[in-house]
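Colleague: Before we accept the descriptive terms attached to this model, I should like to go through the grounds for each of them. May I see the structure?

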Amino acid sequence: MNINFKFLLLGTSLSLIPNLIQAQCSPAQNCAELGYKETANKGGCLKCPFGNGWYCPQKKCDDSYQYTCTGNNEQSGTDKCGDKYKSCTCDSGYEWKDGKCQTKGAILGQCTGYAQNCKIGDILNSDGTCTTDKVSGTTPIGVVVYISGGSDKCGYAMTISPISTDIPWSREYVATGIGIASFWQNAIKDFDACINTQKIIQLGDSFQYPAAWAAVNYTPNAAVDTKGKWCLPAPGMLNSLYTNLNLINNTISKLGGTRFSSLYDDEHIWSSSESSSSSAWLFCTNTQCESQGGLGNYSKTYSNRANVVRPVLAF
């Protein structure tokens, strides 16, 4: 037997040597046939004594290597041991979560198309996902009140309770020209919640335009990165709220929020759009509002317990 090979055997456990190692070695023999199948030393490997092949013992895999990455929307991961991976690479539109590739949640405050996976009355969670019910490990931050029918499929979720009450839209009668519509039939075509809100706050501070600033400054504890992204709802979204009131109320009840009453007209939600220099559109449920798609136009400077802010967040 080759002298170099004898020397190799002296310092190596027999369990690490290829099965064919006891065969008579000669330069004529192929290293790969004897088990030296690697082309480089990957660490802890044995070099073929008469060639350039290497034998690298299979490392013992710990329990973190448990995924085969053969499921739906899964591709091979980057950290492999044997034939398993610590995690898998997901197809576009999916993310690795809870041991599988799941539909990627929305980027809160942006229209990314994720809303196509949601419906009005769903819960919007802090991780950007929509669910029908509360799900362990997620934190609800709102209820979906509107989803656009356009190609962007943008959704908007509203807080489950008012964040501010007894608050006016503005402190003075000034025509801002923001989303102005004198008739409710035109007002319900306005869905520019955040565009309108940003225009309002550029006109004055939180004293002059308290409702808009209350929306923009809202920051839920479960989604602090959304500060500055909440907006006064547009009249069209409030019309959608009114149209789907029972469905949305059911979700609010699941989450322990404040339901809307269709009997007592006890909550007026300010919109981001004015109807004249002296009034702005808001959500209401009285007899007149019932005939106007859930909208009423009230004095901008008027405030009482029922005048509230329930901001919306795009997703």
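Modeller: Let us begin in the loop between strand 13 and helix 2 (184-187), where Asp-166 is placed. Please bear in mind that this is a predicted model.

Colleague: Why is Asp-166 called partly exposed?

Modeller: The relative accessibility of Asp-166 is 43%. Partly exposed covers the range between under 20%, which is buried, and over 50%, which is exposed. Asp-166 therefore counts as partly exposed.

Colleague: What is noted about phi of Asp-166?

Modeller: Phi is near 50 degrees, a positive value in a residue other than glycine. Cys-69 is also not a glycine and has a positive phi, of about 60 degrees. Cys-69 lies in the loop between strand 2 (54-55) and strand 3 (74-75).

Colleague: Is Cys-69 buried or exposed, and how do you know that?

Modeller: Buried means under 20% relative accessible area. Cys-69 has 7% relative accessibility, so it counts as buried.

Colleague: Which residue takes a positive phi in the hairpin of strand 7 and strand 8?

Modeller: Asp-98 does, with a value near 55 degrees, and the hairpin has two residues between the strands. Strand 7 (residues 94-97) and strand 8 (residues 100-103) pair in the antiparallel sense.

Colleague: What makes strand 7 and strand 8 a pair?

Modeller: The criterion is at least two bridges between the strands. Strand 7 and strand 8 have four bridges, so the criterion is satisfied. Within this hairpin, Trp-96 stands opposite Cys-101 in strand 8.

Colleague: How many strands form the open sheet, and in what order?

Modeller: Five strands form it, in the order 13-18-15-16-17, with mixed pairing.

Colleague: Why are strand 13 (164-165) and strand 17 (295-299) called edge strands?

Modeller: Strand 13 and strand 17 each pair on one side only. Elsewhere in this sheet, strand 15 runs parallel to strand 18 (residues 307-309), and two bridges join them. Two strands pair if there are at least two bridges between them, so this link qualifies. Ile-269 stands opposite Val-308 in strand 18.

Colleague: What makes Ser-273 and His-268 buried residues?

Modeller: Ser-273 is found in strand 15 (residues 268-274), and His-268 lies in strand 15 as well. The relative accessible area of Ser-273 is 0%, and that of His-268 is 7%. The limit for buried is under 20%, so both count as buried.

Colleague: Which residues are in contact with each of them, leaving aside neighbours within four places in sequence?

Modeller: For Ser-273 they include Ile-178, Asp-190, Pro-235 and Trp-281. For His-268, Phe-283, Tyr-298 and Val-308 are among them.

Colleague: Why is helix 5 (residues 235-243) described as largely enclosed?

Modeller: Seven of its nine residues are buried, so helix 5 is largely enclosed by the rest of the structure. Among the buried residues are Pro-235, Met-237 and Leu-241.

Colleague: How many helices and strands are there in the chain?

Modeller: The chain has seven helices and 19 strands.

Colleague: How do you know that the chain is more spread out than a compact globule?

Modeller: The globule rule gives 20 Å for 315 residues, and the radius of gyration is 32 Å, well over that value; the chain is therefore more spread out than a compact globule. Along the principal axes, its C-alpha atoms fill a box of roughly 105 × 35 × 30 Å. Of the 315 residues, 43% count as buried.

Notes:
Residues numbered from 1 in each chain as written. Predicted model: local features only at pLDDT ≥ 70, side-chain atom pairs only at ≥ 80, totals over all residues. Heavy atoms only, no water. Rg over C-alpha atoms; globule rule 2.2 N^0.38 Å. Buried < 20%, exposed > 50% of the residue type's maximum accessible area, 1.4 Å probe, protein only. Contact = heavy atoms within 4.5 Å.
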